[in-house]
Amino acid sequence: MSSVVVNNIIKTYGKKKEVTALHGVSFDVKQGELFGIIGPDGAGKTSLFRILTTLLLADEGTATVDGFDVVKDFKAIRKRVGYMPGRFSLYQDLTVQENLEFFATVFNTTIEENYDLVKEIYSQIEPFKDRRAGKLSGGMKQKLALSCALIHRPSVLFLDEPTTGVDAVSRKEFWEMLKRLKEQGITILVSTPYMDEAGMCDRVALMQSGKILSIDTPQGIVSTFGKKLLAAKSDNMLQLLNDLKLCTQVEDAYPFGEYHHAVMKNDGEAELKQFLQKKGYTFELKETAPNIEDCFMQLMKLKPSGEEHK
Amino acid sequence: MEKTFNIEAQTPPLGDRGGKVITADKLTKKFGDFTAVDHISFEVNRGEIFGFLGANGAGKTTAMRMLSGLSMPTSGKATVAGFDVYKENEKIKRNIGYMSQKFSLYEDLTIRENIQFYAGIYGKSSKFIKDKTEVVLQQLHLQSEADKLVKSLPLGWKQKLAFSVAIFHEPKLVFLDEPTGGVDPVTRREFWQLIYQAAASGITVFVTTHYMDEAEYCSRVSIMVDGRIDALDTPSGLKRTFNASSMDEVFLKLARKAVRTE
């Protein structure tokens, strides 16, 4: 059963509708799924979340959450979704406990009633329950915001870029927390600009400039790469990158951490090796498996938006 | 893209301490009982791309504020671009560039106006500004957009423009605070190409990032844990020392030791 159904949603901004944030987006999310929306700033992630949480009206298209229409049944939806916006939006002048109590009361429940659901997260900030929310560190604010979004036991949880600007260690911890929440049967939609977080989701939608480039499981997306990918390294990485781009067997080459990645037109590994050997420096060349970021770049180049890359 | 400017920066700047653009010796900053930066000592060489890593709350921002002349240290010594952080902090500000993900350009000014505004603040002559504006616009392929408002540009272009503006006055050193946050993977790589070009022209780059693949692009990387610099080496040196296959693994090994949580 689908928990969220999005059907050809279009959203524009401006008096003359000059900015199109969403160009007819469609997808659905199954109940209990951990669904990632992955894309850079300006992809349309926040517009999409605000439409689904009934805070913004789409120009065209329809969407349902838990079977309820986002326009007609907005009151029903608001009762059953949790939403953590990208920007910290709790009451800075209320304490940790007061914030949580406030959200519980608004939804006609109590902290005690749903404590089991937030316990793992909230217990980490409970020692500071009398501290004002504005005085918390970034990581603690994030945990409080998540507790507040969960305290009414929502059936669908929307998390808009919860890990942006968060260091690698805290990001890993946050995803572990989400995996355990998923076990409670909550459907989770989470957006992120970090490609490496895709692997933590059941399925992901890759988004760019208001369009979905691809929707699949992380393994499914990687399996559609369809090209041989080589990783190359040498003492002079800048020279190597230029040489890779010059080789006729190479379709695309770009830095990828310690190595450069070379997307091959056909097989061409032997030819590339020969080509580099003639340049007279030592190098390492090996086949490697593409990851989500390789796929994202391939899709971006296949479907240029006309905006981001002129 | 061609490297077409920054010839001035090729000659060693006056007051350069033996090729060291930053020297820090037991640099410390306390806020009451809390030691945000705890006796850090390191040097950054001219033309280097220096990665400054650490978990949230490790003390990176406080350290960068001291090094850019915005915050007085509690104790220790440091020079930046040859100037003392206690006595010559105004000179430091004139000789560095700064760019962050959050603060960069004025959205309601055009591209050309932004360049003129920032270059004017740094006291550059009208002729210098006029000539170099054309070079920068050409380098970024933005000639036809020069008189459009910055807010009409896609984010990736804004970030590349912001970087070019931050080094427009040809500083000895540029601080980049998470310059590529939220930027798409293709533009992120184009941005790093600009960083390489700047470094090749003699501008030292001091950069923070949460993308561990970008740590690999740095000449050397330092990792802060609880206010201290717990590791400093080339990326390959760090991986060897910590017996790790990636910088991600090095970072996790070090940052997990942290006692304080921001």
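**Burial, contact and backbone angles in a predicted two-chain model**

User: What makes helix 10 of chain A largely enclosed by the rest of the structure in this predicted model?

Analyst: Eight of its eleven residues are buried, so helix 10 of chain A is largely enclosed by the rest of the structure. The buried residues are A:Ile292, A:Glu293, A:Asp294, A:Cys295, A:Phe296, A:Met297, A:Gln298 and A:Met300. Their cover includes strand 9, helix 7, strand 11, strand 12 and strand 13 of chain A, together with helix 6 (185–200) of chain B.

User: How many residues does each chain bring to the contact, and which element gives the largest share on the side of chain A?

Analyst: Chain A contributes 29 residues and chain B contributes 30 residues. On the side of chain A that touches chain B, helix 10 of chain A gives the largest share, four residues. That side consists of 13 nonpolar, ten polar and six charged residues.

User: Why is A:Thr54 called buried?

Analyst: A residue is buried if 20 or more other C-beta atoms lie within 10 Å of its own. A:Thr54 has 21 C-beta neighbours inside 10 Å, and therefore counts as buried. A:Thr54 lies in the loop between helix 1 and strand 4 of chain A, with a positive phi near 65°.

User: Why does B:Asn243 count as exposed, and what is its phi?

Analyst: The cut-off for an exposed residue is 12 or fewer such neighbours. B:Asn243 has 9 C-beta neighbours inside 10 Å, so it counts as exposed. Its phi is near 50°, a positive value in a residue other than glycine. Most residues other than glycine have a negative phi. B:Asn243 is found in the loop between helix 8 and helix 9 of chain B.

Terms used
Residues are numbered from 1 along each chain as its sequence is written. Chains are lettered from A and ligands numbered from 1 in the order in which they are written. This is a predicted model: local features need pLDDT of at least 70, side-chain atom pairs count only at pLDDT 80 or more; totals for chains, interfaces and linings use all residues. Two residues are in contact if their C-beta atoms, placed from the backbone, lie within 7 Å. Ala, Val, Leu, Ile, Met, Phe, Trp, Tyr, Cys and Pro count as nonpolar, Asp, Glu, Lys and Arg as charged, and the others, Gly among them, as polar.
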